[in-house]
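Q: Hey, can you walk me through this one? I'm new to looking at structures.
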Amino acid sequence: MARSFPASPSDPLETAAWLRWSLIALAGAVMLLLVVLPLAMVLAAAFAKGIGVWFAALVQPDARAALRLTLFTAAIVLPINAGFGLLMAWALTRFEFRGKRVLLSLIDLPFAVSPVVAGLCLVLLFGSDGWFAEWLAAHDIKILFARPAIVLATLFITFPFVVRELIPLMQQQGSDEELAARSLGAGPWRMFRRVTLPNIKWGLLYGVLLCSARAIGEFGAVSVVSGHIRGLTNTLPLHIEILYNEFDSTAAFAVASLLAGLALVTLGLKFWLEARHGDALARTHRRH
Amino acid sequence: MDLHIRRLSKRYAGVSALDAVDLDIASGELVALLGPSGSGKTTLLRVIAGLLHPDSGQVLFGDNDATRLSLRERNVGFVFQHYALFKHMSVAGNVSFGLRSRPRRRRPDKAAIRRRVDELLALVQLPEHRDRYPEQLSGGQKQRVALARALAVDPSVLLLDEPFGALDAKVRVELRRWLRRLHEQTRQTTLFVTHDQEEALELADRVVVMRDGRIEQVDTPDVIYRAPASAYVFEFIGRANAIDGRVERGEFVVDGHALRLPTECADAARARLYARPHDFVLVDADAGFPATLRRAHRLAERITLELGVDGQAQPVEIDLTATPDVVVPAIGSRVGLKPLRYCVYPEGPSTAPGVEWPHELPLHAPATDASRRLLTALDARDGVDRERPDLSGVRP
């Protein structure tokens, strides 16, 4: 995406100048209309009644609770997904076993199903009529409409990011360096720390970055399982929705501008990673 | 350290990659594992290294059974085709990795490691490159660093997997001569895999020719070239011409000509004569295999002729040294083709596909083994000087 290819001095397809320029103009217009303008509108609406109102909307207790919950969720989800993503990528690129292909396609499941369906699955499992309902009730554990469900839903939705970045990267690098390290007498831990990790660290960071952007912004699955309890189970996106539904659009846009800001920071970091360490990222896919 | 392979077998999805292979390698030897892809040479190397586990059989380092030892415990030096250098470590970091990975009580101190790295970099002639990173090195330099890294841990054997495979032709030739000199310095027991017969013949003390997971022949390069144990080895080891015929009363017979064989041999309804392009002379049409000259092309120092031998599907290519007095007959001339050195292999049940082919060759197998190869001949009795072919009798 951010990689530039050497520009050819003359267009080998010899597209007519008017066509070339109208295509470029069209692409620019679409970007402006669909991406830049809405983002600008969010900021404009957020600051419409002055910076004081904007600030007040952010420090309001419910908003602060929502921000805390969002960061709390991300703080749990990121290390878990990084760790499991690494294990999963390791297993899938370094071992041969039955069912490997099935497992590989299952990884994409969270991307394929609608987040709402993911949320409903959790309701089915942990809800009052769910499979684990009796056991949970007996042990007085609350999952649904509480923090655990929000974390679980976010985990599910963001699981593929790290694995999908690491698998092509580790496939591309092969295991020769690791085998070399072992044959030179390094133990498994030393091999991992000194050879594997340095080779995949930028890819891992890239995956974690994409994962965090999604974890912070996730709405659908979390909305199903959260219960929308103000100050308790509302994440930032849910909080925005509530504000908006209550016609408090200035506050809604103020909180939305915070999310948009986080997204811009992520985008900047992503751009930097791709420009600076593009070689150390998986070359086979550059989407998301 | 000497190395012994005992009846090693390995199967992948029902296909034999190694089929009861036996091999003995003496301490200090430089041995090539040669064969086309799928012949099992890389599998054998990887089993010796401990990168793969055999289904059955043993790998012995000296008297110690290493079959059950892990990669880490075997203490082998392994050099990969694509170098597998640690990208984020300097040359010195790569070379010292093995020493730094030792458990504390066996780990040399910093100064000793530094000395050892300098020593090894001098050995591989890269003393100025210690602080460079792999991406700043050429392919040949990378492979030399990989070699230094493998040698740093004083391995019991050095194993190289297609070590020159990723290099371009010129560097490849330089590097293998350099490796030969290095081996003469270090006398490290070394095994390398290659599919390039030239590389194997030039570099190795002994060459192991493999086919379908079995060893076809183990011999010095000279014997391999001069006296291939089978038609397969003959064809694999260099340019080869084949002439189909039969063996009758001590003669190799094709339609129109019979060649007296210098050694006793049993009759065979179908046999094949193999000879190298430079081991032929042209004679009168009735004094050799009758043939028609089809094409001739000249390279700097040799002339290559393509001839159609009567009744043969495959043409024969011969090389003549281009001395000033050599006259090439006109295209379409009738000539006789006389092989000076050749091997005749019967096409009998012993070489039919699927039938057991003897693979347990003793070390330094005698050049002639009557059960497999009917004869190898240097037939210069009629005094033909092969450097200056006698073309006087050839009429255009």
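Q: So what pLDDT does chain A average?
A: This is a predicted model, and chain A averages a pLDDT of 88. In that chain, 94% of the residues score at least 70.

Q: Where in chain A does pLDDT stay under 50?
A: One such stretch is residues 1-7 of chain A, with six contacts beyond four places in sequence. Another is residues 284-288 of chain A, where the model has five contacts of that kind.

Q: What should I do with the coordinates where pLDDT is low?
A: Don't read them in detail.

Q: OK, new topic. Which domains is chain A divided into?
A: Domain 1 covers 15-46 and domain 2 covers 51-285. Taken over C-alpha atoms, the centres of these two domains of chain A are 30 Å apart.

Q: And how many residues of domain 1 of chain A are in contact with domain 2?
A: Five residues of domain 1, and they meet eight residues of domain 2 of chain A. On the domain 1 side, the split is five nonpolar, no polar and no charged residues.

Q: What about the two chains, how many residues are in contact there?
A: Chain B puts 18 residues in contact with 14 residues of chain A.

Q: Which helices of chain B supply at least two residues each to that side?
A: α2 (71-74) and α3 (91-100) of chain B do.

Q: How do the residues on chain B's side divide, nonpolar, polar or charged?
A: On the side of chain B that touches chain A, you get ten nonpolar, four polar and four charged.

Notes
Residues are numbered from 1 along each chain as its sequence is written. Chains are lettered from A and ligands numbered from 1 in the order in which they are written. This is a predicted model: local features need pLDDT of at least 70, side-chain atom pairs count only at pLDDT 80 or more; totals for chains, interfaces and linings use all residues. pLDDT is the predictor's confidence in each residue, from 0 to 100. Two residues are in contact if their C-beta atoms, placed from the backbone, lie within 7 Å. Helices (H or I, at least four residues) and strands (E, at least two) are DSSP runs, numbered from the N terminus. Ala, Val, Leu, Ile, Met, Phe, Trp, Tyr, Cys and Pro count as nonpolar, Asp, Glu, Lys and Arg as charged, and the others, Gly among them, as polar. Domain bounds come from an automatic or database domain assignment.
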